[in-house]
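Here are some short exercises to work through with the model open beside you. Try each task before reading its solution.

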Amino acid sequence: MKVPQLDLRTQYQSLKNEILPKIEEHFANQSFILGPTVDHFEKSMAEYLGVPDCVGLASGSEALRVALAMFDVGPGDEVLLPSFTFFATAGAVIHAGATPVFVDVDEDFLMDITDAAQLITAKTRVILPVHLYGRQLPWRAWRELADAHGLRLLEDAAQSVGSRDDMGRSGALGDLAAFSFFPTKNLGGAGDGGLLSGLDPELLARARLFRNHGAQQRYYHSEVGINGRLDALQAAVLQVKLGHIDEWNRQRRARAARYNQLIDEAGLASHVTCPRLPRGEEHVFHQYTLRVGNRDPLLTRLHENEIGAAIYYPVPLHRQECFKELPSAQRSLPVTERLTEEVLSLPIYPELTDEQQVFVVDVIREFFAD
Ligand SMILES: Cc1ncc(COP(=O)(O)O)c(C=O)c1O
């Protein structure tokens, strides 16, 4: 039995009849840049997230870059972010001309608030935590920390469309929040796409101009912006998929609970640590990530059995070649460094069958029984 890392072909088959007529419409009208489809998707996302406005952008990386520009972050400024995340979180800070300050994570893979608090200096401008793997950050504590020091909060919500706690959904918590619609994300487009949301309508209104070369009216520029727009074709695809996101997230949570149950029943608790399952809708399981002492041989065994397991992320940012001169890269981040050796993500998506999950856990059980 094969268990691919993702099964987007099956998802497409179920959505084809909804998506193709929308695409056709755009070709018939030759309408590809901004326009009503992008407006409609932005409004739908704002309603879904519970925020005043959203701005569609070309990618999650651009969303982070635009957010930092809206905070007027630049040379001499420091931005706190986890070392245990995808590269783009830090790349955006460098592109803003500012300095990333790498923070350790906790045992739930999320940026460690105690470590972050100790790293705040007079130069710190922004706190940029990540809802990693789709797990919602404990937001109240982050808001209090930011407010106590007069800092901006930027959510990296690239992996967490739909996660929610008693304060609201990810994307409705920070001053601004960046989403990614990269095809493999839980809300994925047919190519690159991203979005900025947040609680400050003025910043979002400025971002709307900034993504379009800073022009309110064509050829009249109030500031130097970029070409960072979300394509109308992407907005059309994403609008269809948004209608399914709550059900897909529910199925992801159910698959995660099932893995935890199967692993427990197989008596594997002394070999692997399962992710904690928060109550309610907090976690959307963009990834289902185990911690395993003897990880690499197990990964090989899973691959030999055609199971698409993967490692997010094998090298922490503070150990990347391109960041080696940064002051905060000289520090050791013990939890991050341990996790990069231990994490192992199993296939998780709504289309994953129970048979496939049983097979995956059987292969893990046999590996440890050898
Ligand atoms: C945590 C995180 N931040 C930022 C990004 C960047 O998003 P994109 O690939 O859409 O530029 C991604 C995804 O790729 C991500 O996982």
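Helices (H or I, at least four residues) and strands (E, at least two) are DSSP runs, numbered from the N terminus. Residues are numbered from 1 along each chain as its sequence is written. This is a predicted model, in which local features need pLDDT of at least 70, side-chain atom pairs count only at pLDDT 80 or more, and totals for chains, interfaces and linings use all residues.

**Exercise 1. Two backbone oddities**

Task: find where glutamine 30 lies, and describe the peptide bond from tyrosine 312 to tyrosine 313.

Solution. Start with the loop between helix H1 (8–29) and helix H2 (36–49), where glutamine 30 has its place. Glutamine 30 is not a glycine, yet its phi is positive, about 50°. Next, go to the loop between H10 and helix H11 (334–342), which holds tyrosine 313. The peptide bond that leads from tyrosine 312 to tyrosine 313 is cis, and its omega is near 15°.

**Exercise 2. The chain as a whole**

Task: count the helices and strands of the chain, then judge how compact the chain is for its length.

Solution. The chain has 12 helices and 14 strands. Its radius of gyration is 21 Å, close to the 21 Å from the globule rule for 370 residues, so the chain is as compact as a globular protein of that length. Here the radius is taken over C-alpha atoms, and the rule is 2.2 Å times the number of residues to the power 0.38. Along the principal axes, the C-alpha atoms fill a box of roughly 70 × 55 × 40 Å.

**Exercise 3. Helices that meet H12**

Task: work out how H9 and H10 cross H12, and which residues make each contact.

Solution. First, the terms. Axes are lines fitted to C-alpha atoms, for helices over the stretch in contact, and angles run from 0 to 180 degrees between N-to-C directions. Angles under 35 degrees count as roughly parallel, over 145 as roughly antiparallel, 65 to 115 as roughly perpendicular and the rest as oblique. Residues are in contact if their C-beta atoms, placed from the backbone, lie within 7 Å.

Now take helix H9 (residues 245–265): its axis comes within 10 Å of that of H12, and the two cross at roughly 40°. That angle makes H9 oblique to H12. Arg255, Arg258, Tyr259, Leu262 and Ile263 of H9 make the contact with Asp354, Gln357, Val358 and Val361 of H12. These residues divide into 5 nonpolar, 1 polar and 3 charged, where Ala, Val, Leu, Ile, Met, Phe, Trp, Tyr, Cys and Pro count as nonpolar, Asp, Glu, Lys and Arg as charged, and the others, Gly among them, as polar.

Then turn to helix H10 (residues 295–304) and helix H12 (residues 354–369), whose axes come within 10 Å and cross at roughly 130°. H10 is thereby oblique to H12. Leu298, Arg301 and Leu302 in H10 meet Val363, Ile364 and Phe367 in H12. This contact has 5 nonpolar, no polar and 1 charged residues.

**Exercise 4. Around the ligand**

Task: which residues come nearest the ligand, and which helices each supply at least two residues of its shell?

Solution. There are 15 residues around the ligand (C-beta atom, placed from the backbone, within 6 Å of it). Ser59, Gly60, Ser61, Ala158 and Ser180 come nearest. Helix H3 (60–70) and helix H4 (88–95) each supply at least two residues of the shell. By class, the shell has 5 nonpolar, 8 polar and 2 charged residues.

Conventions. Two residues are in contact if their C-beta atoms, placed from the backbone, lie within 7 Å.
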